[in-house]
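Colleague: I would like to go through some of the labels given to this model and hear the reasoning behind them.

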Amino acid sequence: MRIDFEITYRGETVNLDLTASQMVVSFTLYDGNFPISGGSGAVSSVNGKTGAVVLDASDIAETSTLKWLTSTLKGYYDTAYNWVNTNGSSVLQSISDLQTAIGNRYTKSETDNLLNNKVDKVSGKGLSENDLTNALKSSYDSAVTDKHTHGNKSILDLIEQPLTTALKATYDGYGSQISAKANTADIETILFKSTTSTIVTGKTLETSIYSIPLPTDGNNYRIEVYSQAQVSTFAGTAISHRLRVGTYLSPIEGSTGANAIGNQTTIGMNQASSAVQMQLTRRFIFRGGASGSIYGGGAGVNYADDASGSVAFATLKSADFTTQNYLYVSFNPSNTSAVVSHSMIIVKLIKI
């Protein structure tokens, strides 16, 4: 017996055509029994079998459209059929949603229009960079045009190049003079100063009260020294107020030993034989360097200020002034009862 099956599913297609049907399965089944007579196409024997015969799979060759319905194929068919009945509506809904999503897309024409109207990237510019707007450009142009438009424009317009050239020449002249002053350091500086009162008493040997470092930079200077002292109580012989130079930081009293104050070079002196003022003012030319020297008024002559003295100037000391030398201030009372009060000293330098 032959049974023809055609299973279709009637419903919506992808185009949502409600009248369309789709064939899902089409096949022909045989149960293996064939009648010996009756019906169209009856045969007397099949594959060598006669009478009421039962055909098996070996008797009928399968084709692409004629298949034996095995239990396995029947299971596949049942599963497919049940799945379609259960999930068909959901599948069609998903297709509908997909169609809606596709409908929201840009068409080629719309995409081309957007691309044609896009802003091209300009090298060196950021997407958020401000461009020069027409209003800003107008303001800029006005500012350039009006940059010399002001109340004193007519006065400034009278200034010509010859005048500005002359002013520059004058400025340069003053600049050269200022530079020359700066290069020679023709500005007075203070090397040392003190207003501390120092009392010298109970002494019979020369005593140093200051050791002031002299320059070691190799330059030449004009050095001015003002040392103010007063003999408060006079006793013994004349008391000397001296300026000396040497290499010892703290020379000892008296004149015994190389480091004694009395053995350092005298470059200025004043004396008093009574209770009077005993100031000492001297001006020296200090020549620095390894073969340096100190040039000034006579060292062994007593006077308060070399500006009023009549002694010829001379070289008072020659030394290597790249090593440290000191300027000393000393007194040499001969009696322990004598009292000398020193109240101020100032040492000035001018580079020459």
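Colleague: Why is E224 called buried?

Modeller: This is a predicted model, and in it E224 has a relative accessibility of 18%. Buried means under 20%, so E224 counts as buried.

Colleague: What makes R283 partly exposed?

Modeller: Its relative accessible area is 23%. Partly exposed covers what lies between under 20% and over 50%, so R283 gets that label.

Colleague: How do you know that the side chains of R283 and E224 meet in a salt bridge?

Modeller: The N to O distance is 3.9 Å, and the cut-off is within 4 Å, so the pair qualifies. R283 is in strand β11 and E224 in strand β8, 59 residues apart. Salt bridges with shared partners join both of them with R222, D305 and D306 into one network.

Colleague: What makes K203 and E253 a tie between separate parts of the sequence?

Modeller: Their side chains form a salt bridge at 2.6 Å, N to O. K203 lies in the loop between β6 and β7, and E253 in the loop between β9 and β10, so the bridge ties together parts 50 residues apart in sequence.

Colleague: Why does K108 count as exposed, and D112 as partly exposed?

Modeller: K108 has 63% relative accessibility, and exposed means over 50%, so K108 is exposed. D112 has 31%, which is between the two limits of 20% and 50%, so D112 is partly exposed. The two form a salt bridge, with the closest N and O atoms 2.9 Å apart, and both lie in helix α2.

Methods
Residues are numbered from 1 along each chain as its sequence is written. This is a predicted model: local features need pLDDT of at least 70, side-chain atom pairs count only at pLDDT 80 or more; totals for chains, interfaces and linings use all residues. Side-chain values use heavy atoms; hydrogens and water are left out. Helices (H or I, at least four residues) and strands (E, at least two) are DSSP runs, numbered from the N terminus. Buried means under 20% relative accessible area, exposed over 50%, partly exposed in between (1.4 Å probe, protein chains only).
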